[in-house]
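Q: I'd like to learn how to read a structure like this one, feature by feature. Could you walk me through it?

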Amino acid sequence: MKVIVIDPGHGGRDPGAVGPGGTKEKDVNLVIAHLVHTRLQQDYSVFMTRKNDETVTLTARSALANAKKADLFISIHCNAATNPLANGTETYYASPTGAKLAKHIHERLVGLGLKDRGIKQGTYAVLRNTRMPAVLVEVAFISHAAEEIQLGSTRFLTDVADAICEGVYDYFGKEE
Ligand SMILES: [Zn+2]
């Protein structure tokens, strides 16, 4: 059975970005991650780098994925910018196999109607230090007033989680 590690960004002492309405990125990331976990565990062996609001180091996150010999690593984040009008979704990868996973997940997220900010190569520690195809998803901008409201909607977060899961199924379905 394929092994997938889901990484809800931030947590505990690190709230991540905080929206103008007070929504904390760490909470949104965790809700999405639990939804992804619930669905993917029907078909895969799935682990989370944190299941609660707790502080987890970046080193511990990649170490878990490497120790589990994961086939995929998916880090879930929300974006923020000083420009309050910045919006949309973007997906980061580090390796060529990560790029393929990023393409599938990103296409599904754009399918939700989010502005397409593109698939980008990134140097995030969790991408550099994991030994399997890995992506970091910046779902939407918590610093954008309307997207912060979306990120507070269970309906929207369920759609986001489903998009990430569909991207995983696309990835494995089309793997050569
Ligand atoms: Zn983040």
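A: Happily! Keep in mind that this is a predicted model. Let's begin with one residue and its surroundings: leaving aside neighbours within four places in sequence, I6 is in contact with A33, V36, H37, V46, M48, I74 and I76.

Q: Where does I6 lie, and is I6 buried or exposed?

A: I6 lies in strand β1, which spans residues 3–8. To judge burial, count the other C-beta atoms within 10 Å; 20 or more makes a residue buried. I6 has 28 of them, so I6 is buried. One of its contacts, M48, also shows how the fold brings distant positions together: I6 and M48 are 42 residues apart along the chain, yet their C-alpha atoms are separated by 4.8 Å.

Q: Can we try the same reading on another strand residue? What does F73 contact beyond its neighbours in sequence?

A: F73 is found in strand β3. Beyond four places in sequence, F73 is in contact with V5, D7, A65, T130, M132 and A134. F73 counts as buried because 30 C-beta neighbours lie inside 10 Å. For a distance check, take F73 and V126: they are 53 residues apart along the chain, and their C-alpha atoms are separated by 8.8 Å.

Q: Now a helix. Which residues of α2 are buried, and which are exposed on the face turned away from them?

A: Here is the general idea: an α-helix has 3.6 residues a turn, so residues three or four places apart point the same way. In helix α2 (residues 58–67), the buried residues are R61, S62 and A65. They cover an arc of only 85° around the axis, so they sit on the same side of α2. The face turned away from that buried side carries the exposed residues T59, A60 and A67.

Q: What covers the buried residues of α2, and what comes just after this helix?

A: The cover includes β1, β3 (72–79) and α4 (125–128). Just after α2, K69 takes a positive phi of about 50°.

Q: How do I read a pair of helices, say α3 and α6? At what angle do their axes cross?

A: Start with the axes: those of α3 (residues 96–110) and α6 (residues 154–173) come within 8 Å and cross at roughly 140°. The two helices are therefore oblique to each other. As for handedness, α3 passes α6 in a right-handed crossing.

Q: Which residues meet there?

A: From α3 come K100, L101, H104, I105, R108 and L109, and they meet V160, A163, I164, E166, G167, D170 and Y171 in α6. By class, this contact has 7 nonpolar, 2 polar and 4 charged residues.

Note on methods:
Residues numbered from 1 in each chain as written. Predicted model: local features only at pLDDT ≥ 70, side-chain atom pairs only at ≥ 80, totals over all residues. Axes fitted to C-alpha atoms, helices over the stretch in contact; angles between N-to-C directions. Helix = DSSP H or I, 4+ residues; strand = E, 2+ residues; numbered from the N terminus. Parallel < 35°, antiparallel > 145°, perpendicular 65-115°, else oblique. Left-handed = near helix turned anticlockwise from the far one by under 90°. Contact = placed C-beta atoms within 7 Å. Nonpolar A, V, L, I, M, F, W, Y, C, P; charged D, E, K, R; others polar. Buried ≥ 20, exposed ≤ 12 C-beta atoms within 10 Å, placed from the backbone. Arc of directions from axis to C-beta.
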